[in-house]
Amino acid sequence: MTKVVAVVGVTGNQGGSVAKRFLQDARYHVRGLTRDPTSAKAEELAEQGVEVVRADLNDVENLKEAFAGASLIFTVTNYWEPFFRPDCRQKAAELGISCRRHAYDVEYQQGKNMADAAAATCGTLDDNGFIASTLSHAGNCSQGKFKELYHFDAKADVFPGYVRDNHPELAKKMSCVQTGYFMSSYKLAPNSYFVKQADGSFVMRFPTAPTKPVPHLAVNEDTGSFVYAVSQMPPGRSYMAEGWTCSWLDFMRIWSGVTGHKGRYEQVSDTDMIKAAQDQAFGAELNDMFLYSDNPGYDGGDDTLLTAPDIRRASIECPMTTLEQYMRTADWSTVTS
Ligand SMILES: NC(=O)c1ccc[n+]([C@@H]2O[C@H](COP(=O)([O-])OP(=O)(O)OC[C@H]3O[C@@H](n4cnc5c(N)ncnc54)[C@H](OP(=O)(O)O)[C@@H]3O)[C@@H](O)[C@H]2O)c1
């Protein structure tokens with residue numbers, strides 16, 4: 001009999017990658033959640049064998065139905081949708097809070113809904129049957145220095161925070177997977193942080209110190225392999241999904257070597273980082289992230305997180321894409337043209 005793996009965010013980067021990997025294992029039946037099963041992406045997934053079900057993360061009851069009977073649940077939340085959506089901006093203004101804080105509230109509630117719904121089917125889950133995509137807790141790991149790195153804390157406050165405090169049985173079956181900087185993120189904010197100079201060279205500018213190492217993940221290629229590998233590990237562990245660790249200085253060295261373009265990294269001030277963003281709140285959220293990545297670190301300075309080599313040491317396959325491999329196949333035209 002096949003086991004159901006319920007995949008949240010199946011039409012997106014992380015969930016799509018997870019679905020793709022589990023589809024390759026005939027022991028699993030992939031059930032993917034989306035708000036719109038009629039979208040082109042959802043229909044494409046259905047053709048590939050995904051059971052596409054309608055579910056909204058804002059509605060705990062429909063999540064209970066979507067998770068019912070699952071052996072494995074993969075969860076992910078998207079801070080940036082409630083951050084950017086015009087109706088959410090309006091709602092934040094009505095509530096008299098920043099759009100950053102409002103997006104935290106929405107993401108936290110969605111995470112809590114998924115945890116409550118997963119707890120309702122805890123009995124059907126495998127021993128390591130609840131795998132949550134998350135990030136480190138910036139507020140706690142920085143001893144309160146970073147109070148507004150909302151897209152980190154909204155995840156960590158639920159995975160593991162809320163789950164441990166409210167659903168101890170589910171917590172026993174949980175693995176928390178932090179995800180490194182997406183190697184594809186250069187596409188998200190063109191002409192702001194990675195730009196062409198008048199002399200034809202390229203510069204990347206963040207407030208992180210040039211030599212501070214940070215994790216990098218080929219999100220579409222590798223989230224699935226990593227989560228599939230994690231599902232074979234014992235429960236209760238925390239991970240960093242990454243294919244490569246290096247500083248932004250090294251990132252640009254590798255990029256120049258691969259593309260043949262002259263490029264460099266420059267550490268900039270908070271003001272310059274925020275100014276470079278078209279949306280100031282977005283600039284402020286990213287600025288906090290790059291400063292936090294500097295100290296205590298993107299992972300909050302937690303050196304206990306397991307990575308792909310640790311999984312391989314347990315004799316479990318965990319193929320990951322290196323930064324150079326990713327760069328060789330990526331389309332850099334949004335930066336170079
Ligand atoms: N960019 C980076 O470098 C980086 C690094 C680490 C972590 N992250 C985190 O990654 C997260 C985004 O992950 P991603 O890139 O995989 O997302 P994505 O590609 O933007 O996709 C978002 C997915 O979430 C689903 N979704 C959103 N709201 C929903 C709702 N209310 N109900 C049901 N489904 C909903 C969407 O499904 P439908 O639209 O089909 O309903 C879609 O499948 C963010 O929270 C971000 O903080 C980003």
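1. Valine 10 is a good place to start: leaving out residues up to four places away in sequence, Val10 touches Gly15, Gly16, Ala19, Gly32, Leu33, Thr34, Leu45 and Val50. This valine sits in the loop between β1 (3-7) and α1 (13-23). Despite that loop position, valine 10 counts as buried because 27 C-beta neighbours fall inside 10 Å, where 20 or more are needed. One further distance you may like to check in the viewer is that from valine 10 to valine 30: their C-alpha atoms are separated by 9.7 Å, with the two positions 20 residues apart along the chain.

2. Please keep in mind throughout that this is a predicted model. The overall picture is of a protein with 16 helices and 13 strands. Its radius of gyration is 20 Å, which agrees with the value near 20 Å that a compact globule of 337 residues would have. Along the principal axes, the C-alpha atoms fill a box of roughly 60 × 50 × 40 Å. Of the 337 residues, 47% count as buried. As for contacts with a separation of 6 or more, 74% of them are accounted for by residues 24 or more positions apart.

3. Isoleucine 73 belongs to strand β4 (residues 72-75). Is this residue buried or exposed? Isoleucine 73 is buried, because 31 other C-beta atoms lie within 10 Å. Setting aside neighbours within four places in sequence, its contacts are Ala6, Phe67, Ala118, Leu125, Gly129 and Phe130. Two of these names, Phe67 and Ala118, return in the next point, where they take part in the contact of α3 with α6. For a view across the model, the C-alpha atoms of isoleucine 73 and glycine 300 are separated by 26 Å, and the two residues are 227 apart along the chain.

4. Now to helix packing, starting with α3 and α6. Two packed helices are described by the angle between their axes and the distance between the axes. The axes of helix α3 (residues 60-67) and helix α6 (residues 99-120) cross at roughly 45 degrees and come within 8 Å. The pair is therefore oblique, and α3 passes α6 in a right-handed crossing. On the α3 side the contact is made by Val60, Leu63, Lys64 and Phe67, and on the α6 side by Asn113, Met114, Asp116, Ala117, Ala118 and Ala120. By class, this contact has seven nonpolar, one polar and two charged residues.

5. Helix α6 also meets helix α8 (residues 150-166): the axes come within 9 Å and cross at roughly 25 degrees. That angle makes α6 roughly parallel to α8, and this crossing is right-handed. From α6 the participants are Arg100, Arg101, Ala103, Tyr104, Glu107, Tyr108, Gly111, Lys112 and Ala115. Facing them in α8 are Tyr150, Asp153, Ala154, Lys155, Asp157, Val158, Phe159, Tyr162 and Val163. The residues of this contact divide into 10 nonpolar, one polar and seven charged.

6. Two peptide bonds deserve a look in the viewer. Phenylalanine 159 and proline 160 are joined by a cis peptide bond, with omega about 25 degrees. Proline 160 lies in helix α8, and Phe159 is one of the α8 residues that meet α6. A cis bond also leads from asparagine 295 to proline 296, where omega is near 15 degrees. Proline 296 is found in helix α13 (residues 280-297).

7. Which residue in the loop between β7 and β8 has a positive phi although it is not a glycine? That residue is asparagine 191, with phi of about 60 degrees. Asparagine 191 counts as exposed because 11 C-beta neighbours lie inside 10 Å, and the cut-off for exposed is 12 or fewer. Leucine 188 is also in the loop between β7 (181-182) and β8 (194-196). With 13 C-beta neighbours inside 10 Å, leucine 188 counts as partly exposed. The C-alpha atoms of leucine 188 and threonine 334 are separated by 9.8 Å, and the residues are 146 apart along the chain.

8. A last item for backbone checking is glutamine 143, a residue other than glycine whose phi is positive, near 50 degrees. Glutamine 143 is placed in the loop between α7 (138-141) and α8. With 8 other C-beta atoms within 10 Å, glutamine 143 is exposed.

Conventions
Residues numbered from 1 in each chain as written. Predicted model: local features only at pLDDT ≥ 70, side-chain atom pairs only at ≥ 80, totals over all residues. Helix = DSSP H or I, 4+ residues; strand = E, 2+ residues; numbered from the N terminus. Rg over C-alpha atoms; globule rule 2.2 N^0.38 Å. Contact = placed C-beta atoms within 7 Å. Axes fitted to C-alpha atoms, helices over the stretch in contact; angles between N-to-C directions. Parallel < 35°, antiparallel > 145°, perpendicular 65-115°, else oblique. Left-handed = near helix turned anticlockwise from the far one by under 90°. Nonpolar A, V, L, I, M, F, W, Y, C, P; charged D, E, K, R; others polar.
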